[in-house]
Amino acid sequence: MVEVWGGIECSVVRVGGVIRDQLAETGHSNRIEDLDLVASLGIKTLRYPALWEHVEVVDGRDDWSWHDERFQRMRRLGISPIAALVHHGSGPSWTSILAPDFAERLAAFGGRLALRYPWVKTFTPINEPMATARLSGLYGFWHPHLADERSCLRLLVAQCRAIAMTILAIRKVIPDARLLQTEDFGKIFATPKLAYQAEYENGRRWLSLDLLCGHVGSRHPFHERLLDAGIDPDHLAELEAAPCPPDLIGVDYYLTSDRFLDHRAERHPREPIGGNGIEPYVDIAAIRAGVPECELGFASRLREVWGRYALPVAIGEVHNACTREEQLRWFMEGWDAAVECAVEGIDVRAVTSWSLFGAVDWNSMMMRNDGYYECGVFDVRADLPRRTIMADAISALVNKQSFGHPVLVQTGWWRAPRKRLGKSPAIRLRGFDRRLSTLGECCSRRRLPARAAPQQPGSPNAWVELSVGDTGGGSPVVLFASYCPGKTFSLTVRDGVDWVAACNAFLDLVIDGLTGTYELVAAHRDNQYRVAECPASHTSATAHQG
């Protein structure tokens, strides 16, 4: 039976002289009560930080106080953590991945962690080592800000050695400790002219798991390339002689994971032009390049990973930084794919709802400090984290129940739209003014079926009725939602707020099923919108345009 796991975004990366810490930026580091919210979903397995950067800030001096509180709380709540030791980072500021003793020092930390929490059974010593190697060594985004293949491969091998040594140290304390190794295995597609480049990158994407599984011997297609990069032959020999295959492979997959390389740069005027030193090309999301849908998606990547390694798999991260219905559609697509693959005989253990409390500035890989918040299962821009519709979906699936929502009758933007929706429930729009027309246009762009209300109330096949009013003088404007069970929601919008942005904020909260009376008190067109519950109520919420 496929389970639902949770995960908390916990990257700690160095960008120039700045350390970006997602636990601090999403506020989770100061909210132990978040764990109670996770438990309220019914989640029993949680990818959770036990970060080396946070424990051994000063070389040789451990501070476990924060972790002691959290791990004890999880144990009381019946949550089993999958402990993450390094998540896209380079370790504490006094070391780095390319330090000669990095692997030994991380392994020593792993041993101390196991002694501290011997009841923890699953570990991820380093998250997505190939992704980190590319972002830090090939693209130069993060420390050590290098941009060549040699550096990328050296970073990768250093991390794989550290993973193998760390899980070995942990197993000396916890013999049955399991290794969950995560990676983004997105596939590369290309024009015929760039087929050779796609073939190279599609071989490279397996390197982290090939190294850990002991597959990189003298006949491996990347063996000579690794040696040419200056990697110690003894290090490769160690990994081959003492394989460290994962107990579970975490397949992290995003809408942008699969890529398409196109030498016809003029077709993509808004895309940056890169290249391989031989010819220039653009690198875009395959989903936007006309690649057949059957070759993309969760199921395709799960089948590939299973076919190559025949090891148990889990979808390690499911997250979509978009409007609420698109978040829900993406998660349910991942869930359906996992169930489909399990029926086929693939050993799929779980689907992980990632970024339970959101993430900050991942749209720029944390290279810019814009404060761009991507909403999670809980929206942390409220005074207290607020449940979204994602929480309802997860709670249902955790409890082995089916989950449905009217927005799921239509596909996400990445799929061809369903043209015949029949009598499926739709949004009913009551009124005729220009502002309501704009709200209807927002519904259309978001693939939210909406119809004008008939003259007689009470028509069937509507799950919510939306209307627009004002307070008598034309301002402020009030957006109203009336749900079929008789519950209502209203959002007051004052002058100066972009109307399209306000409509999209309103629709997010309607999809969440929010009730009560709220006011839009802050709005920034490109990102996020804060709404506060009116004085008669006692909570607050936020909304944003995805």
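**Barrel architecture and cysteine environment**

Helix H13, spanning residues 324-344, lies across strands E1 (3-7), E13 (313-318) and E14 (348-353), and runs at about 175° to E14. These three strands belong to a closed barrel of 8 strands, ordered E1-E4-E5-E6-E7-E9-E13-E14, in which the pairing is parallel. On average, and with direction ignored, neighbouring strands of this sheet are turned by 25° against each other. Within the barrel, strand E4 (residues 45-49) is joined to strand E5 (residues 80-87) in the parallel sense through 5 bridges. Tyr 48 has Ala 83 of E5 as its bridge partner. The sheet is also packed upon by helix H6 (residues 129-138), which touches strands E6 (122-127) and E7 (178-183) and whose direction makes about 40° with that of E7.

The model is a predicted one, with a mean pLDDT of 94 for the protein and values of 70 or more for 95% of its residues. Residues 537-546 form a stretch in which pLDDT stays under 50, although the model has 49 contacts for this stretch beyond four places in sequence. Where pLDDT is low, predicted coordinates should not be read in detail.

The structure contains 0 disulfides. For Cys 152, which is in no disulfide, the nearest cysteine sulfur is that of Cys 160, at 11 Å. Cys 152 has a relative accessible area of 1% and is therefore classed as buried, the cut-off being under 20%. Cys 341 is likewise in no disulfide, and the nearest cysteine sulfur, belonging to Cys 294, is 14 Å away. With a relative accessibility of 0%, Cys 341 also counts as buried.

Conventions: Residues are numbered from 1 along each chain as its sequence is written. This is a predicted model: local features need pLDDT of at least 70, side-chain atom pairs count only at pLDDT 80 or more; totals for chains, interfaces and linings use all residues. Side-chain values use heavy atoms; hydrogens and water are left out. pLDDT is the predictor's confidence in each residue, from 0 to 100. Contact means heavy atoms within 4.5 Å. A disulfide is a pair of cysteine sulfur atoms within 2.5 Å. Buried means under 20% relative accessible area, exposed over 50%, partly exposed in between (1.4 Å probe, protein chains only). Two strands pair if DSSP finds at least two bridges between them. Helices (H or I, at least four residues) and strands (E, at least two) are DSSP runs, numbered from the N terminus. Axes are lines fitted to C-alpha atoms, for helices over the stretch in contact, and angles run from 0 to 180 degrees between N-to-C directions.
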